[in-house]
There are 2 protein chains.
Amino acid sequence: MNLREFDAYVERHAAPFIADVAEFCALPSVAAERRHLPETADWTCQRLEKAGFRTQKFAVGDSPSAIWAEMGEGPRTLLFYNHYDVQPAEPLDLWESDPFVLTEREGCLYARGVADDKADLLSRLHAVEAWRATQGKLPLRVRWLIEGEEEVGSVHLAEIVARHGQLWKADGCVWEGSGRDEEERPLIYCGVRGMLYIELHVRTLERDLHSMLGGVVPNALWRLIGALSCLRGPEGRVAVEGMRERVRPFNEAEREALSRLPFDAEKRAASWGAPRLVRGLDGQEALEELLNQPTANIAGLWGGYSGPGAKTVIPATAHAKMDFRLVPDLTADEAFRLIAEHLRRHGFDDVEVVRLSGLDPARTPVDHPVVAMAAHAWEDLGAAQPARYPTMPATGPACIVINQLGVPTVMTGGVSWPGDRIHSPNENIREADYYTAVRYWGRYMARFAAHSL
Amino acid sequence: MNLREFDAYVERHAAPFIADVAEFCALPSVAAERRHLPETADWTCQRLEKAGFRTQKFAVGDSPSAIWAEMGEGPRTLLFYNHYDVQPAEPLDLWESDPFVLTEREGCLYARGVADDKADLLSRLHAVEAWRATQGKLPLRVRWLIEGEEEVGSVHLAEIVARHGQLWKADGCVWEGSGRDEEERPLIYCGVRGMLYIELHVRTLERDLHSMLGGVVPNALWRLIGALSCLRGPEGRVAVEGMRERVRPFNEAEREALSRLPFDAEKRAASWGAPRLVRGLDGQEALEELLNQPTANIAGLWGGYSGPGAKTVIPATAHAKMDFRLVPDLTADEAFRLIAEHLRRHGFDDVEVVRLSGLDPARTPVDHPVVAMAAHAWEDLGAAQPARYPTMPATGPACIVINQLGVPTVMTGGVSWPGDRIHSPNENIREADYYTAVRYWGRYMARFAAHSL
């Protein structure tokens, strides 16, 4: 593989690359505000077409459009997943420059969406253009799935993929995101945890009562605390019957990958602003808890009086929001069923359980060729040994591609770094990482085309 | 005792009595807003002086004034307790007439403060005037303690009484409030439960974290739930070591009084808007729980995200407000110490316990002469057999007079009734109850003067 000319092209085109990034970032495609989404979808299609892709848009009802794009031929098809929407820019006063004007400061490029996920998308597009300009036609078929509501939970993606999935079939998929860790190790993730998000609602009285009756009438907060407490064991682990039983232990390859992963509990806790990890977790054990166990998190709880001073009241209602992270083979549907059943079995039939959203866990084997190639492409660039995680601790719509489309998927080659501030003011990428990413995708495409999957 | 002329005077003076009530209620003496308090204290003193009382005002710093008043001579001294402040009138749109314009509708008189506590105060004053007009000089010494911040917790009363207590010494005290129950039985209460009001604060992290870390870092809400749960037993009773042990069981006289008290759990639950009482409580057992057990009530709890939709966050902080009702011999100081110690003993040293307020429980024996006279005065009027409660389930500053001043105290003869809506829009009294109250105080003074205490 000789990509010297490819690399020279990348070096010569730094200015037009960054001009593209600036133009893309100037579009305030905030999904939460449904702002500028059709214009940004159009801009994306036009830019893809200019590079030689065929494109098509798909929506469900009035959802933002998902984009299909395709170029090239060959026995192998590589799927790129990206999104053209961004998080809201607020709070605006914390930005040091206009969030929708790409601004360079000390080697970094600042704009809302630059790290998540616009530079990511363009680095792949620029790699395709560099390839065609220096190597001739693409050595494989590239397909693209680009959605416009990733930042609000990919609400319609599963349905769009269910309707038009054939268009996005591929031998492997590279997801958005990833980047480098604190030690500049490239990060490779092979999956996502799932998540079930629910609300619990309790009503014990028609109306709030004077607390002098506290000993004889039921308080909704005490009732809710009872229900919550039965969902979690004294050690802080999920106590819902049937949930932990469904955890598929890491296999040998995953365990081997895990054993190479750095995890210093003290350092991590400090970086998160936590005094310590629970149960004195450290090293492999902590990582396994983070990556391959379900959680029962209370994201919010409210009931009664929370103003200043004393109000002597028995709350009639109480409410909680909870998210449960899920790992194979525990699906969101199954988790919901088990939680409802568990509450019923423990006498909490009066607790209303409302499902807000659910995404399944999904993984590609850590020793799958799409993962091996991800590591090799980093080696091609002389990067540090990548850290290969069996899964991210977080959740995302990758499960739709992995489980529903059945396409092995890896997160690699992104432009994120520990200081990128995604979702926060002053989101940024390091400019040098951008050119590395373009060069990375040249290597990845070459390896993907050559490898028999 | 012949009070026929007294009663005739009351009948003749209905119009000027109600004019006084209207004038008093026109003063918007809202303690929470510190509105019109000096003007109302002055009005009260002037009205008392017009009736022949000597008066004096006492304050601590810039507190609202407490009023001392005195008239009459004799071997016996009777203390009246009342307050001239009222609750806020809000929400104003729910009032059917101006809250500060006394308005008659279908036999009821509507105004903020009419039931709590302005008519109460004036009914006693009018009884004194009726006595002097028809019987000559008072047969006893009447003293008065009238405060201006009862509705905000009687913040300075204990200190004012500590400084000037001698002025209010008496052989017995009649408190504000009381009235009739649903069956028109006059209510007589011989004490109050105490109350400790605290806040619990927990911080487990420097800042909220992404909930993907839910399995490895401590969630403040889970921590707070742990702390709360150890304060209460599975049966819903206080589990703080040492608290229930300090409960002094009802004595024979109290138990006898209790046995005559009506308590139909189903009816009560329905009137409170509760589906049922806890643990199937009913009858004597329910009454004893309500009157002679401490409680652990959560008045409010909050932490994390409570807005619409899903936010995946681990809350760094969590907070609760709790009130504990107290019974003899469990003081507020002792309860606070026991709770803090209990949390420490159960490993919750990190939970901050903040004391907002505390009032001790206090009781006068149910067979004390001041109580017996309260019942006999009702008999003099031919009323239904009174319901004599060893204590109210609620809390109030009566403990300052009973414990600190050492004056036996009874709640009786008030103008309240089940439909009086005190603290709510459309507060009212039944006009007929007003005249009964004036006649009641004539009987009570006569009996108090004649009885050897």
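What percentage of the 453 residues in chain A is buried? In this predicted model, buried residues account for 52% of chain A. A good place to begin is therefore the chain as a whole, before turning to its partner.

Chain A is built from 13 helices and 19 strands. Its radius of gyration is 24 Å, close to the 22 Å that the globule rule gives for 453 residues, so chain A is as compact as a globular protein of that length. Measured out along the principal axes, the C-alpha trace of chain A spans about 80 × 50 × 45 Å. Contacts within the chain often link distant parts of the sequence: of those between residues at least 6 apart, 79% join residues at least 24 apart.

The next step is to look at where the two chains meet. Here, 55 residues of chain A are in contact with 55 residues of chain B. On the chain A side, two or more residues come from each of helix H6 (220–229), helix H9 (283–292), strand E12 (297–304), strand E13 (313–314), strand E14 (317–326) and strand E15 (352–359). Of these elements, E12(A) gives the most, with eight residues. By residue type, the side of chain A that touches chain B divides into 30 nonpolar, 17 polar and eight charged residues.

Strand E12 of chain A also takes part in pairing across the two chains. Five bridges join E12(A) to strand E12 (residues 297–304) of chain B, and the two strands run antiparallel. Within this pairing, A:Leu301 stands opposite B:Gly303 in E12(B).

Definitions and conventions: Residues are numbered from 1 along each chain as its sequence is written. Chains are lettered from A and ligands numbered from 1 in the order in which they are written. This is a predicted model: local features need pLDDT of at least 70, side-chain atom pairs count only at pLDDT 80 or more; totals for chains, interfaces and linings use all residues. Two residues are in contact if their C-beta atoms, placed from the backbone, lie within 7 Å. Helices (H or I, at least four residues) and strands (E, at least two) are DSSP runs, numbered from the N terminus. Ala, Val, Leu, Ile, Met, Phe, Trp, Tyr, Cys and Pro count as nonpolar, Asp, Glu, Lys and Arg as charged, and the others, Gly among them, as polar. Two strands pair if DSSP finds at least two bridges between them. The radius of gyration is taken over C-alpha atoms; the globule rule is 2.2 Å times the number of residues to the power 0.38. A residue is buried if 20 or more other C-beta atoms lie within 10 Å of its own, exposed if 12 or fewer, and partly exposed in between; C-beta atoms are placed from the backbone.
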